[in-house]
Amino acid sequence: AQPCLSSRVETGIAIDPVDDKIYWANFYKETHYTTGSTFFEFVRSWPGIPDNVIDIGCGDGRDSYAFARAGRDVTGLDRAEIGVQHASKKALEVVGGDKARFFACDVGEADDFRRIVEQVRADHGGQSILFYSRFFLHSITAETQRTMLTVLSEVSRPGDAFAAEFRTDRDAL
């Protein structure tokens with residue numbers, strides 16, 4: 001697995017990496033979904049979206065599996081190694097084969113993130129990619145957001161798409 005996502009942030013203060021690891025280990029141990037999110041359903045309905053999906057901040061793979069079951073090839077990326085392990089194991093049970101694969105990756109590490117995107121594109125003959133990110137952008141630092149979006153700007157090609165669902169400071173609590 002390659003290093004790819006950044007730390008969870010609460011009230012603007014970055015969480016200690018050890019606490020963050022414990023938080024996500026507990027979350028993935030206790031959380032189980034059997035369907036994709038409503039955002040997945042919304043994006044899936046778009047005409048002409050690419051068949052290759054990079055799920056940035058995939059967590060336990062909920063929407064990654066849904067995309068794979070819908071016939072798309074999915075690469076899920078998350079910084080939380082425990083989430084990647086959980087997603088990889090569950091992928092064999094839920095979708096089988098190689099329609100969904102998962103890698104640990106910190107999108108704040110531009111070279112690692114760029115390398116994975118380029119590898120996904122090469123693995124699929126240069127075909128277009130849907131960059132998908134659900135409830136992730138608001139959980140990373142502004143610096144990590146800039147790095148991620150800069151890399152996406154550099155590696156995106158005509159035909160690629162970007163879909164992101166996120167919170168802002170204007171959302172009701």
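**Exercise 1. Find the hub residues of the largest nonpolar core and the elements that build this core.**

Solution. A nonpolar core is a set of buried Ala, Val, Leu, Ile, Met, Phe, Trp, Tyr and Cys residues joined through side-chain atoms within 4.5 Å. Buried means under 20% relative accessible area, with a 1.4 Å probe and protein chains only. The model is predicted: local features need pLDDT of at least 70, side-chain atom pairs need 80 or more, and totals for chains, interfaces and linings use all residues. Numbering runs from 1 along each chain as its sequence is written, and side-chain values use heavy atoms, without hydrogens or water.

Step 1. The largest core has 21 residues; Val43, Phe67, Phe102, Leu130 and Tyr132 touch the most other members.
Step 2. At least two residues each come from H2 (38–44), H3 (62–69), H4 (81–94), E5 (100–104), E6 (129–134) and E7 (161–165). Helices (H or I, at least four residues) and strands (E, at least two) are DSSP runs, numbered from the N terminus.
Step 3. H3 gives the largest share, four residues.
Step 4. A second, separate core holds 18 residues, including Ile56, Leu137, Leu152 and Val155.

**Exercise 2. Describe helix H5 and what covers its buried residues.**

Solution.
Step 1. H5 spans residues 110–123, 14 in number. From first to last C-alpha it reaches 20 Å, close to the 20 Å expected at 1.5 Å a residue (1.5 Å times one less than the number of residues).
Step 2. Asp112, Phe113, Ile116, Val117, Val120 and Arg121 are buried in H5.
Step 3. Their cover includes E3 (52–56), E4 (73–78), E5, E6 and H6 (142–155).
Step 4. Glycine 125 follows H5, with a positive phi near 65°.

**Exercise 3. Is threonine 147 buried or exposed?**

Solution.
Step 1. Threonine 147 is found in H6.
Step 2. Its relative accessibility is 19%, so threonine 147 counts as buried.
Step 3. Beyond neighbours within four places in sequence, threonine 147 is in contact (heavy atoms within 4.5 Å) with Val107, Gly108 and Ala110.

Key:
Buried < 20%, exposed > 50% of the residue type's maximum accessible area, 1.4 Å probe, protein only.
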